[in-house]
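Q: I'd like a close look at one chain here and how it sits with its neighbours. Could you walk me through it?

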Amino acid sequence: MQDLGISILFKGTNFLRLLGGLWTTVKISLIAVLISLPLGIILGLLMTSNSKFIKAVCRVYLDFIRIMPQLVLLFLVYFGATRTFGVNLSAFTSAVIVFVMWGTAEMGDLVRSALISIPKHQYDSAAALGMNSRQTFRYVILPQTVRRLLPPSINLITRMIKTTSLVVLIGMVEVLKVAQQIIDANRFEYPTASLWIYGVIFLLYFLICWPISLLSRALEKRWAD
Amino acid sequence: MNSDVLLEVKDLVKKFDDDTILDGINLSVHQGEVVVVLGPSGCGKSTLLRCINGLEPIQGGGVYLDGVTIDPGAKNISEMRQKVGMVFQSYDLFPHLTIMENITLAPRKVAGRSKEDAEAEARQLLERVSLLDKQDVYPRQLSGGQKQRVAIVRALCMHPEVMLFDEVTAALDPEMVREVLDVMLGLAAGGMTMVIVTHELSFARAIADRVIFIDGGRIVEEAPPKQFFTAPRTKRAQEFLNTFTFEDKDSQDS
Amino acid sequence: MDLEFIHKYAPLYVEAAGLTARIAFFGIVFSLIVGVLCGFIRHFKVPVLQRIVGAYIELSRNTPLLVQLFFLYYGLPKLGIMLSSEQCAVAGLTFLGGSYMCESIRSGLDSIEPIQTESAYSLGFTPVQTMRYILFPQALAVSVPAITANMIFLIKETSVVSAIALADLMFVAKDLIGLYYQTDEALLMLVISYLILLLPISIISSLVERRLRYAGFGN
C-alpha cells in the first residue's frame, strides 16, 4: 500500500504521540527562553559596564558559548557534569541548563548591541532638556532599546525551538525519537512511513517557527527608523 | 539654424502612474549651445534630464541625438548613453574604485580603449580640474566639490557629444560651489554642448545661451538669459524669480 | 587526566575533524553558489522565481537542520532517491546555508544606492557590466561580515551529522565515552578540536569586520 503511506499518521494515537514529542522540545525552548530573558538583560547591562574585569569575564563566557556547537555544550553538561561534579543530571535538566546558558549569551549580546546602538546625542539632548540620568534612561533610552531588542528576541525563540531538536542526540524521547519508534513498529505494514513521518515533522516545525519569524519581521519593519 | 540641431526633444510625455510629470516638452539644443533649465522644485526639470539620458521610460514623444532615438528599451541604449554625459546631484562616484579607476573604467570596459590611453587622458583632464594629485585615492577621501569635479571628468572621458548637469552643486557646502561652477564655465568656453539644471541664478545668467523655465511639466518661458532675468514675460517666472530675492530690512520697516 | 588515553585516541579526532571540515567545506561552497543565485533573484525581483526562492528561504530558515537531514536520509530513499550519508550531509547543509547566504548577498545588493546603477548606465555600461564592475564588488564588501558569520554557523551545524551515521567529532566523542568512560578526556579533545576548526575563522572574520566597518574603501 505504497500510496497510502500517509495514513500511518491517523493510525491509533500516532499523530498525538508526535505532537507530544514535539511539545517536549518546545517546552524546553520556552523554559529556556523565559529564564534567559532576565539573565540575558543582566549580562547585557554588565557588558556595557565600565569595569574592564567584568567586561572581560562576560566576553570570554559569550565567546566560548557562541563558538561551540550547541551539541558540544549539551555533551559537556550531560556527560561531563556527572563525572566532574558527581551529579547525575537527566537529559531534560541538562538540556534546560545548556539552552539557558546559550540563550543568556545570545540575549546578552542583543541587549548589549541594542544599548550601544543608541547614538550619544540622544543622551546629550536629554541632558540638554534637563533630565537626570534616571529619567533619561526611563523615558529616552529604554523605549528605544526595547524597540530594537524585541524583534531579535522574538527571533531567538525560533532559533531556540530549532536548536532544541538536538536533544534527541543525548537520548531524549522527543519528536524524532517518537518518529523512529512509530516507523520501526510499522516497518512491514507501512514501508514508506519514514518519508511521510519525517515530512510531517518538517512541516510541523515550520508551522511553529514561521509565524514567530513573521511576527519578528513585522515588528522590525514597523519600528525601523 | 536647424541644420546644427544636436539634441531634440519632441512632445515628450512622462508619467509616474497617473501623475503627469512632463506634459509635452519640445526643445532643440544646438551644437555648442548651453541651455539652463530653471523651475520650482518638483516641476519636472530633473526628470527631463533623466529622460534625455534614457534613464526613464517615457509615455509619449521622443528624444533624439543626431536624429537617432534615445529609447531605454532599445538595443542601442548603451551606445546612445555613451554619447550623453551626465553628472548627478548626489555624489555618484563608485566608492570601491580609486579616482583613476572611476574615470578609466568606462573608457576601458565600455569603449574598449587601452589602459594607457585612458589613463593618459584621465591625467590630462584631472590636471585641468587641479586634482591630478588625487588620482590614487578613494572617493570618500575627497570633499564634495572635489567629488563633483571628478564626476565631471569621468563623464568627459567618454567623449560625450552633450553633457547634462542635474543640480550638481545643490548638495555642496557654499564654499565648494564655486570650484565646480568654474569647471563648467571652462567647458562652456571650450564649446561643449550642455543642458544644466541649477538653482544658482547668477551662474545660470553667466553661462546660459538660453534659459528654459519649466512649471507644471510644461515649458512656460524660453528666453535669452538677460531678458529672462531682467524682464520675464510670464507671471509664473516673475513669481519664481521673486522667491530668490529678499528686501532690505530698512525698506520692510517703512 | 589520562594523557596516554589522549595520545592514543587523538588520531581518531584528527580523522573525524577532517570529515567535519570536508562536509563543511562543500556545504559552504554550494551554499554560496545557491546564495548568490537566489540573492540576485530576490534583489532583482525576478517574477515567479522570486516567489519560489521566498518559499525556499522560509522553509529553510524555519526548520532545524537535524529534521532536514532525517528527511533526506530516511525519507527520500522511499521516493527512490538514494544519497550517501555524506551526500545527505552536504545537501542538508546547502539547503540550510543557501538561504542564509542568499539573505546576506541580497542585503549587500540592496544596500547600494540606485544612483550607482544610474551613473553606470549614464556612462554607457550595460546591465551585465554594471553588475560585474560596479554593483557586485560593492555588495560583496557589505556582505562579507555576514557571509563569514554564516560560515562559522554552518561549521557548527555540521555537529549533528552523527545522527545520520557519519563518524564526525561528536560521533567519536560519544563512542569513546560509551566504550571507556573516559569522559573528561573525550570531551576535552572534542572541545579542542572544535576550537581548532572554528577559532581561526572567527578571529579572521572579526578582523575583517572591523576593517570594513571602520575603514571602508580607502583608509
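A: A quick bit of vocabulary before we start: helices are DSSP runs of H or I with at least four residues, strands are runs of E with at least two, and both are numbered from the N terminus. Keep in mind that this is a predicted model.

Let's take chain C. By that count chain C has eight helices and zero strands, so reading along its sequence just gives you α-α-α-α-α-α-α-α. Lined up on the principal axes, the C-alpha atoms of chain C fill a box of roughly 70 × 50 × 25 Å. Chain C has 219 residues, and 44% of them are buried. As for how the chain folds back on itself, take the contacts in chain C between residues at least 6 apart in sequence: 79% of those join residues at least 24 apart.

Now the neighbours. Two pairs of chains are in contact, and the pair of chains A and C shares the most contacts. In that pairing, 29 residues of chain A meet 31 residues of chain C. On the chain A side, the elements giving two or more residues are helix 3 (70-85), helix 6 (133-163) and helix 8 (193-223) of chain A. Helix 8 of chain A gives the most, with 11 residues. Sorted by class, the side of chain A that touches chain C comes out as 19 nonpolar, eight polar and two charged residues.

And chains A and B? No contact joins chain A and chain B; their closest C-alpha atoms lie 22 Å apart.

Definitions and conventions:
Residues are numbered from 1 along each chain as its sequence is written. Chains are lettered from A and ligands numbered from 1 in the order in which they are written. This is a predicted model: local features need pLDDT of at least 70, side-chain atom pairs count only at pLDDT 80 or more; totals for chains, interfaces and linings use all residues. Two residues are in contact if their C-beta atoms, placed from the backbone, lie within 7 Å. A residue is buried if 20 or more other C-beta atoms lie within 10 Å of its own, exposed if 12 or fewer, and partly exposed in between; C-beta atoms are placed from the backbone. Ala, Val, Leu, Ile, Met, Phe, Trp, Tyr, Cys and Pro count as nonpolar, Asp, Glu, Lys and Arg as charged, and the others, Gly among them, as polar.
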